[in-house]
Amino acid sequence: MSEASAHMTRPIPAPAVSIETKPFWDAAAEGRFLIKRCTECQKAFWYPRAMCPFCMSAETVWEESPGEGVIYTYSVMHRSPTGPYAIGYVTLNEGPAVLTNFVDVAPDGLAIGMKVRVKFQPTEGGPPAPVFAPA
Ligand SMILES: [Zn+2]
């Protein structure tokens, strides 16, 4: 298998879990993807945090998302000891952008605007981390 056709995988370090993000990681362990929504301005946001990044309201709630969106931008890292991998931003259908790793796709198989969906990948000793694969 050539480098270009190999699917990308790489070990993901355990995410840092805080009181603010614990519900997210608890849901991730069950394969559910949560985002937060502000009940003041109604905007959805990610990465999860207690305060709305748009209006600074503390009136925010968890919301389960299907984790579907499109690739906004990406870059492929070729010089990696574990083989090439790609990171980039996914724009969720709810609006927020998620910085993520792309999996189950060859480096040359990615494209801006491609539909992707979240899945969870085991980490080294922590809860599974969200990654995105072609939908
Ligand atoms: Zn808000």
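Let me start with Met-56, which counts as exposed in this predicted model, because there are 10 C-beta neighbours inside 10 Å of this residue and the cut-off for exposed is 12 or fewer. Met-56 lies in the loop between β2 and β3, and its phi is positive, about 65 degrees, although the residue is not a glycine.

The loop between β2, residues 44-45, and β3, residues 60-65, also holds Tyr-47, and here I would ask you to look at the backbone, since Trp-46 and Tyr-47 are joined by a cis peptide bond with an omega of about 5 degrees.

If we now step back to the loop between β1, residues 33-38, and β2, we find Gln-42, a residue other than glycine whose phi is likewise positive, near 70 degrees. Is Gln-42 buried or exposed? Gln-42 counts as exposed, because it has 10 C-beta neighbours inside 10 Å.

Let me turn to the strands β5 and β6. Strand β5, residues 85-92, pairs with β6 in the antiparallel sense over six bridges, and the two form a hairpin with four residues between them. In that turn sits Gly-95, with a positive phi of about 120 degrees.

Which side chains of β6, residues 97-102, are buried? They alternate along the strand, so to speak, face by face: Val-98, Thr-100 and Phe-102 point to one face and are buried, whereas Ala-97, Leu-99 and Asn-101 point to the other face and are not. Asn-101, from that second group, stands opposite Ile-87.

Definitions and conventions:
Residues numbered from 1 in each chain as written. Predicted model: local features only at pLDDT ≥ 70, side-chain atom pairs only at ≥ 80, totals over all residues. Buried ≥ 20, exposed ≤ 12 C-beta atoms within 10 Å, placed from the backbone. Pairing = 2+ DSSP bridges.
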